[in-house]
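Here are a few friendly notes to read with the structure open beside you. Take the points one at a time and find each residue as you go.

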Amino acid sequence: MAIQKQTGLIISRSGNDVTLEWKPGQAYDSQEAYWNVQGNKVITTLSGDAASITYTIPLQDYYPNTKTKLPSVQIYVRGCIDGKYSAWASATYKFLVPNKPVAVNESLVFSWDVNDDYIVGKGDPYICDVEYQRVNSTSGTEKKVQWQNGGSSSNFEDVTGQSKSGTLAFTETPNIEWFRVCARGLNGQSAWAYACHIVGVPFQATGVSGTLSGTNITAKWTPKSSPEKPIEYQYVQYCFATPTSEDAKGIPICPDGVTWITAVDHIIPTAKTQSFSMGQRPPVDKCVWIRIGTTWKNDTIQSDPVYVGSGLLVSPTIVSITVDEIARNTVIVLSDNSTVSLTKIAVINSTNKILATAAHGTTTITVNEIPTQEAQIGIKVYQGASAVKPNMYSDNVFSTAGDVPLAPTNVVAVATEKNGVVSLSWDIPWTDATGAEVSWADHDDAWMSTEGPKTFAIDQRATEWNIAGLVSGVVYYFRVRLKDAGNVYSPYSAMATLSFASAPGKPTLTASAVAVQPGEAFQVAWTYETTDTTEQALAIIYDNGVELARVENNSQRMSVAPAWLFGSTHSLTVQTTSASGCISAMSDPVVINVAAAPVISPIDAAITSGITDGVLTEMPIIMTVTGAGEGGQTIIKIERLKDYFVERPDGSVTEGYDGETIYAVAYGGDGELVINPEDLVGSFDDGGEYRLTGIVQDSIGQSASSFLDFYVNWDHQAEAPGATVIVDETELIAKIQAIAPASYEAGDVVDIYRLSADAPELIVEGGSFGNTYVDPYPASGGGYRFVDRTANGDYISDAGVAWTDRECDLILNEVIIDFNNNRLALPYNLRLANDWIKDFEETRYLNGHIAGDWNAGVSRSISINTDIPRDDNENIMMRELSNYAGICHVRTPDGSSFAADIQVSEQSSFDSYIRNYALKITRVDPEGFEGVDEDNYG
């Protein structure tokens, strides 16, 4: 009977040892084993009960110590009984080429890690060591770096024998630090993994300034960058702090150690301004500063802090004011409560005249002035160059000395309902006043003539008194003065006037609602006209002719909440009475209904498709909103919830603002609404936050609303496509093709932009992936931008913008003019005419370099002078060009490619051998998209 061979073979590795384990097929007298390594076979005798054997790999014999590689180790074993052997049982242990490391850069530290997990069914990516290389280079791409094969130099380092994970720190140099790393194992070397760090902290932003308006700040600055110090993004920070020093102009300087708050992060590198809300005004005793941060990779730098504005200073406290009427001065004892040590104290009067100033902490100030009604004395605290135009300041604090007689203030004369009776009221600023004297006359100079006013003494501290016996049709003048217990009188008050001359005009009544609930409050207001100074003294609101409410002053607004019955209708009117006792006509009626308010169906419950759990993943949005009822109206709108800035493929930046309405529709009654993708193409950006609001209005104007906040996260997102560009240097055309990305779905299209020295120009809109398009006018040294746009109109995804740029190898040495299926090539001996508005951002245009912002609506013109021998064919084409009235296309060696209107004039005599032509070229907008399907290109 045949001898059974070993079973259950398991081969494994631990360190440099490869071990084979098995189960004997039966009881053996002995066993034999050997390993096959690079064809080497040495048989070893084992005991009959042996169950394993180990092969120790001599690492010094294999790669990377030698050029010999070890793909696998195969171990054989067989059993022996009575001199007879079983068949060989064997297992193989495979060594793979090590995995490519993962290399990253964190600030000034490179790190790497290699995955050496055993891959079931494939083998072991065994790692002997790791080799890294580091080089300083001015190149920005790994393929152009001058890597060496081992060794080292002043800017190159090659190190082997590293472990599978590690880090490497380096010191900043003014170049680009490149790093690559590979893993080496018994069966060879992995691919290189690359990382780089562009060193050099970015330039600080310059020209930083800011303005504060309420809780909002607008910051402006000038960014600066270079190839060695680029900008990845910018950010704006602000801080609140109590100032401890100031500059020569009295501007507060930001103290050290403040806490900076990032207001707006990841601002595009070219941005120069940013507005944001702090959500609060600057706190008391604190100023607000801003600074601009500039970031590249992990290096960042901030501008110096710039003062923007201040909160109010804590107001001081007047402890006492003592008046010396003989010396005619006032002593003020005060407490300066502000924590800002830079402040000063100003003594002021009520006309804001500065009487004296003192240093912070002063507790007693004497001024050579005493309080009067016209010039009451007070104090304030300020910081800055002067108290007139301070940077920080407190509220004005006034206090009246009790022993100084001050005239009454706010004297008001109002007619009462009683004929010929006036109610006179006033305020008492004099602490020691115990009585008053009221006086009145029918001429305003009575207090300065022998025909004096009528008077009445009041022996109590009253603030209101009625005067009777006045005659209708007369204008009266009133003054009041105060007195103390010793019959010392104050000056007279300012004059109050009241006319008993005419009745008010017919009032106009309005209401804040045309429908209310039982007991619900609403506002009524009215206006009236008068031909003199007479004011309203009484207004009565009537409900169906019955008095509802009254106002016994000159107010023209009031709130009412009548207990009306449900379903009733009320006609409101108003009638006014003037201070002279004259009554107006009744106003026209305003009708109020007592009706149930509409109830809107909750928006989240009304949606049947599109938004789920606050996330919009697909279109359309379908909803059925109820509540308007028959004869009512339903309004649906979508607003942005946050500001945003989006880079567009044509190089422009679109700004969106919190609260901006991007969609609105109104329809009658209840019903289903479908918001289709074409309704919002380009308005929804992936990751954007929005609010969907529904409003229903019933037939009498009542309304109710419901809203739902959501953000956009498309199920299908755009992805940067592949692309190819092939140049035909004979025809001077480019064949371009966009390759669909892996995430492509039906409905995705490609937009293609021509890249030239001018702004990117859309030449194919809504193209098909895989289709070849022809650009008949590629720019010299230019290129193309391929944008993947989904059916939702979005080209933004979680990974960023979905476009790919490709270069175009076309190089022109002449000016190319295409017109009417003709092509004219002129030597580049041009004369530039800078006669257009300089309104272009870094635009090289026919030998010119104009700084500013791109504006496609601004026309540009140039002139060309060229000499052509009369026998040359170019003369014929030049004559055809002079007679051609259509749009031409111009390309220049400088990289411009644009549609133009060309006017040609010939400036040579008939018998001259040389024809001189002058061309005036004016840029115009193209008549359509210039990219052509290859099958249709003629």
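**Notes on a surface patch, a pocket and a cavity**

1. Let's start with one leucine. L312 sits in the loop that runs between β26 (306-310) and β27 (317-324). Keep in mind as you look that this is a predicted model.

2. Is L312 buried or exposed? Neither label fits: its relative accessibility is 38%, so L312 counts as partly exposed, because that class covers the values between under 20% for buried and over 50% for exposed.

3. Now look at the company L312 keeps. Together with V284 and Y393, L312 makes a nonpolar patch on the surface, with an area of about 280 Å².

4. Next, turn to the second largest pocket, which holds about 530 Å³ of space. Three strands each give two or more residues to its lining: β70 (814-819), β71 (822-827) and β76 (888-891).

5. Which residues lie nearest the centre of the second largest pocket? They are P776, Y777, D818, N821 and H889, out of 23 lining residues. Sorted by class, the lining of this pocket has twelve nonpolar, six polar and five charged residues.

6. Finally, how many cavities of 30 Å³ or more does the structure hold? There is one. The largest cavity has about 30 Å³ of space, and its lining is made by M619, P677, L680, V681, F684, W714 and N792.

7. Try sorting that cavity lining by class yourself. You should find six nonpolar residues, one polar residue and no charged residues around the largest cavity.

Key. Residues numbered from 1 in each chain as written. Predicted model: local features only at pLDDT ≥ 70, side-chain atom pairs only at ≥ 80, totals over all residues. Heavy atoms only, no water. Patch = residues over 30% accessible without salt bridge, like charges linked within 9 Å, V, L, I, M, F, W, Y side chains within 5 Å. Areas by Shrake-Rupley, 256 points an atom, 1.4 Å probe, with all protein chains shown as cover. Salt bridge = Lys/Arg side-chain N within 4 Å of Asp/Glu carboxyl O. Helix = DSSP H or I, 4+ residues; strand = E, 2+ residues; numbered from the N terminus. Buried < 20%, exposed > 50% of the residue type's maximum accessible area, 1.4 Å probe, protein only. 1 Å grid on protein atoms, 1.4 Å probe; cavity = no way out; pocket = protein on both sides within 12 Å on 5 of 7 lines; lining within 4 Å. Points joined across faces, edges and corners; volume = space filled by probe spheres on them. Nonpolar A, V, L, I, M, F, W, Y, C, P; charged D, E, K, R; others polar.
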